[in-house]
Amino acid sequence: MTTSEASMNQEFQKEIEQIINKISSIADLVPGVVVVHKLPELNILFMSKLGLRLLGAEWNEIKGMSYEHFQKTFFNEEDAKDYTEKILDLFSNNTDQFASYFQQVRTSKTRTWDWYMSTTRVLLRDNENKPV
């Protein structure tokens, strides 16, 4: 990695931290679960208290989970096939649009699937216009 690439990564990291700080300052006022992922890895950078409470999880458990484990634990994989394309299209388009969809979530292994309306949007793009 060149010095300029490292500097750019630091700038993006600072910008990501600023965005998360802004979101976390209001997330508990929003009547829904707020989750921020880092792309392209889809690591979870933030989850609102409501999300943690509904999942019966602590932040330390969630932040350490791989995306694959998070998806398999809480989301219906068959159902995900229906909305994944919408999300991938959103990532590949140079737009500030968002995608809304319904998804099945299981908040514990003893519960059945519940339907949740979800909305996804890109918060930040790099200099090549790729989602961050």
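The exercises below, each with a worked solution, deal with a predicted model.

Residues are numbered from 1 along each chain as its sequence is written. In this predicted model local features need pLDDT of at least 70, side-chain atom pairs count only at pLDDT 80 or more, totals for chains, interfaces and linings use all residues, and side-chain values use heavy atoms, with hydrogens and water left out.

**Exercise 1. Salt bridges**

Find how many salt bridges the structure holds, and state which parts of the chain the pair Asp-28 and Lys-49 links.

Solution.
- Step 1: Apply the criterion, which is a side-chain nitrogen of Lys or Arg within 4 Å of a carboxyl oxygen of Asp or Glu. The structure holds four such bridges.
- Step 2: Asp-28 and Lys-49 form one of them, with 3.6 Å between the closest N and O atoms. This pair links distant parts of the chain, 21 residues apart: Asp-28 is in the loop between H1 and E1, and Lys-49 is in helix H2 (residues 49-55). Helices (H or I, at least four residues) and strands (E, at least two) are DSSP runs, numbered from the N terminus.
- Step 3: Sort the two residues by relative accessible area (buried under 20%, exposed over 50%, partly exposed in between; 1.4 Å probe, protein chains only). Asp-28 has 44%, so this residue is partly exposed. Lys-49 has 61% and therefore counts as exposed.

**Exercise 2. A bridge inside a helix**

Locate the salt bridge between Lys-81 and Glu-78.

Solution.
- Step 1: The N to O distance of this pair is 3.0 Å.
- Step 2: Both residues, Lys-81 and Glu-78, belong to helix H5 (residues 77-92) and are three residues apart, about one turn of the helix.
- Step 3: Lys-81 and Glu-78 are both exposed.

**Exercise 3. Backbone angles**

State what is notable in the peptide bond from Leu-39 to Pro-40 and in the phi of Leu-42 and of Asn-129.

Solution.
- Step 1: Start from the general case: most residues other than glycine have a negative phi, and most peptide bonds are trans.
- Step 2: The bond from Leu-39 to Pro-40 is cis, with omega near 5°. Pro-40 lies in the loop between E1 and strand E2 (43-47).
- Step 3: Leu-42, in the loop between E1 and E2, has a positive phi, near 70°.
- Step 4: Asn-129 also has a positive phi near 70°. Its place is in the segment after strand E4 (114-121). Asn-129 has 30% relative accessibility, so this residue counts as partly exposed.
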